[in-house]
Amino acid sequence: MSASVTDATDVSEEDARNLLVDLVSIPSPTGEEREAAERLVEFFSANGREAWIDEVGNVRAPADDAVLLTSHVDTVPGEIPVEVRPADAEDLEDEVAEEEGEDVLWGRGSVDATGPLAAMAVAAVRTGVSFVGVVGEETNSRGARHLAVDREEPDAVVNGEPSGTTGITLGYRGFLSGTYVATSESGHTSRPEPNAIQHATEWWTNVEAAFEDDEYTPVFERVTAKPVDIDGGVSEDGLSVETTLQAQLRIPPSLDAESVRETAEAELEIGTVSWAEPIPPVMESPRTEVARAFRAAIRKEGCDPRLLRKTGTSDMNLYAGTWGCPMVTYGPGNSELDHAPDERLSLAEFDRSVEVLTRVATTLRGGDD
């Protein structure tokens with residue numbers, strides 16, 4: 001059931017852009033989100049909305065739960081000088097801007113996901129719906145994990161990640177990470193017996209082969225297995241060879257984490273694997289009320305909506321695993337620039353996304369769209 005209706009407050013395009021630039025200008029890598037969170041609280045307070053930072057660092061601004069707008073406050077590390085430049089031919093080629101000369105904001109987080117975060121904050125104030133800025137999405141999603149169990153289920157969720165003004169993301173693959181550990185006796189390298197490092201690489205080679213699919217299977221429908229770190233060598237006492245391999249597997253909606261884990265462990269002959277808590281895959285219907293509201297809102301901007309499936313993982317996976325309400329992911333920006341050294345966002349695209357989000361929230365509250 002929706003919370004009590006909160007009065008909407010108009011936010012000008014200039015104030016919306018100022019919020020975006022301010023947030024992009026504040027470094028907020030994972031674990032260092034506090035200053036950006038305080039700027040969000042200040043924005044809501046200045047517009048007559050109650051907001052606070054909760055015990056894990058999330059920014060809470062509860063209101064009408066007809067829809068919860070939520071995105072993440074943190075970014076990946078990396079300094080990109082914050083400035084607004086006129087769009088050039090390269091911006092058009094990279095699908096950042098539609099016209100040469102339009103304003104483009106450069107800076108870490110402008111796309112992932114400070115642009116979506118700021119757009120949602122503005123739309124939440126304009127329409128009087130609930131908002132949460134979560135922390136830690138780029139590492140362990142601690143903010144989303146806390147939120148999903150700490151608040152009541154809203155009527156609908158819009159998660160903020162870059163999809164472009166016209167993109168509506170309905171699906172993400174799940175995520176499973178594991179740590180392989182093995183130890184073997186040390187010995188001369190001329191000996192034929194494999195050591196722990198070889199055991200680790202052999203296991204991973206077999207895991208990759210177990211999940212190998214034909215080239216015609218879409219990536220979204222495959223398990224992607226990636227080693228992300230390996231460390232090994234002779235122990236300090238010189239008596240053994242030790243190795244640790246960090247692995248990540250992406251899970252399509254056709255499978256679950258348990259079956260993927262079992263397949264990986266079936267290839268295990270030597271060593272052990274410890275698994276972190278998995279994140280389930282998600283695939284939402286395009287026929288929900290929230291998806292329909294987005295299609296209508298995008299068309300009112302004179303654009304054709306696109307339905308997307310992403311091969312990565314987002315906080316929407318966690319919300320879908322806990323709440324049964326309809327949800328989508330949406331936000332301005334070209335996702336190919338996520339984490340990139342040339343991360344940048346067209347301010348015109350940001351403006352359009354705010355309008356789309358405002359129309360969607362108004363529709364879901366039962367108002368005129």
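The C-alpha centres of domain 1 and domain 2 lie 35 Å apart. Twelve residues, given as 12 from domain 1, meet 14 residues from domain 2 in the contact. Domain 1 is split along the chain, as 13-173 + 281-365, while domain 2 covers 174-275. The model is a predicted one.

**Pockets**

The two largest pockets compare as follows.

| Pocket | Volume | Lining residues | Nonpolar | Polar | Charged |
|---|---|---|---|---|---|
| Largest | about 650 Å³ | 27 residues | five residues | 11 residues | 11 residues |
| Second largest | about 470 Å³ | 22 residues | five residues | eight residues | nine residues |

Where does the largest pocket lie with respect to domain 1 and domain 2? Both domains give residues to its lining, so the pocket lies between them. Nearest the centre of this pocket are Glu-137, Arg-250, Gly-312, Thr-313 and Ser-314. Two elements, β9 (174-185) and β14 (306-310), each give two or more residues to the lining of the largest pocket.

The second largest pocket has its own central group. Glu-95, Gly-164, Thr-165, Arg-306 and Glu-349 lie nearest its centre. Here the elements that give two or more residues to the lining are β8 (164-172), β14 and α10 (347-364). The largest share, four residues, comes from β14. Strand β14 thus appears in the lining of the largest pocket and in that of the second largest pocket.

**Nonpolar cores**

The largest nonpolar core holds 60 residues. Phe-44, Phe-131, Val-158 and Phe-294 have the most contacts inside it. Helix α4 (residues 114-127) supplies the largest share of this core, nine residues. Apart from this core lies another, of 20 residues, among them Leu-176, Ala-196, Ala-247 and Val-273.

Phe-294 shows what the packing in the largest core looks like. Which residues does Phe-294 contact, leaving aside its neighbours within four places in sequence? They are Val-158, Ile-168, Val-328, Tyr-330, Val-356, Leu-357 and Val-360. One of these, Val-158, is also among the residues with the most contacts inside the core.

**Helix α6: two residues**

His-199 and Glu-208 both lie in helix α6, which spans residues 196-210. Is His-199 buried or exposed? His-199 has a relative accessible area of 12%, so it counts as buried, the limit being under 20%. Beyond residues up to four places away in sequence, His-199 touches Tyr-180, Pro-194 and Ile-270.

Glu-208 has a relative accessible area of 36%. That value falls between the 20% and 50% limits, so Glu-208 is partly exposed. Its contacts outside the four-place sequence window are Ala-225 and Pro-227. Glu-208 and Gly-160 are 48 residues apart in sequence, and their C-alpha atoms are 32 Å apart in space.

**A loop residue: Glu-138**

Glu-138 lies in the loop between β6 (129-134) and α5 (142-150). The C-alpha atoms of Glu-138 and Thr-75 are separated by 6.7 Å, although the two residues are 63 residues apart along the chain. Thr-75 is also one of the contacts of Glu-138. Leaving aside neighbours within four places in sequence, the others are Thr-30, His-72, Asp-74, Val-76, Asp-112 and His-339.

Key: Residues are numbered from 1 along each chain as its sequence is written. This is a predicted model: local features need pLDDT of at least 70, side-chain atom pairs count only at pLDDT 80 or more; totals for chains, interfaces and linings use all residues. Side-chain values use heavy atoms; hydrogens and water are left out. A nonpolar core is a set of buried Ala, Val, Leu, Ile, Met, Phe, Trp, Tyr and Cys residues joined through side-chain atoms within 4.5 Å. Buried means under 20% relative accessible area, exposed over 50%, partly exposed in between (1.4 Å probe, protein chains only). Contact means heavy atoms within 4.5 Å. On a 1 Å grid over the protein atoms alone, a cavity is a set of points where a 1.4 Å probe fits but cannot get out, and a pocket is an open set with protein on both sides within 12 Å along at least five of seven lines; lining residues have an atom within 4 Å of a point. Grid points are joined across faces, edges and corners, and a volume is the space filled by probe spheres set on the points. Ala, Val, Leu, Ile, Met, Phe, Trp, Tyr, Cys and Pro count as nonpolar, Asp, Glu, Lys and Arg as charged, and the others, Gly among them, as polar. Domain bounds come from an automatic or database domain assignment.
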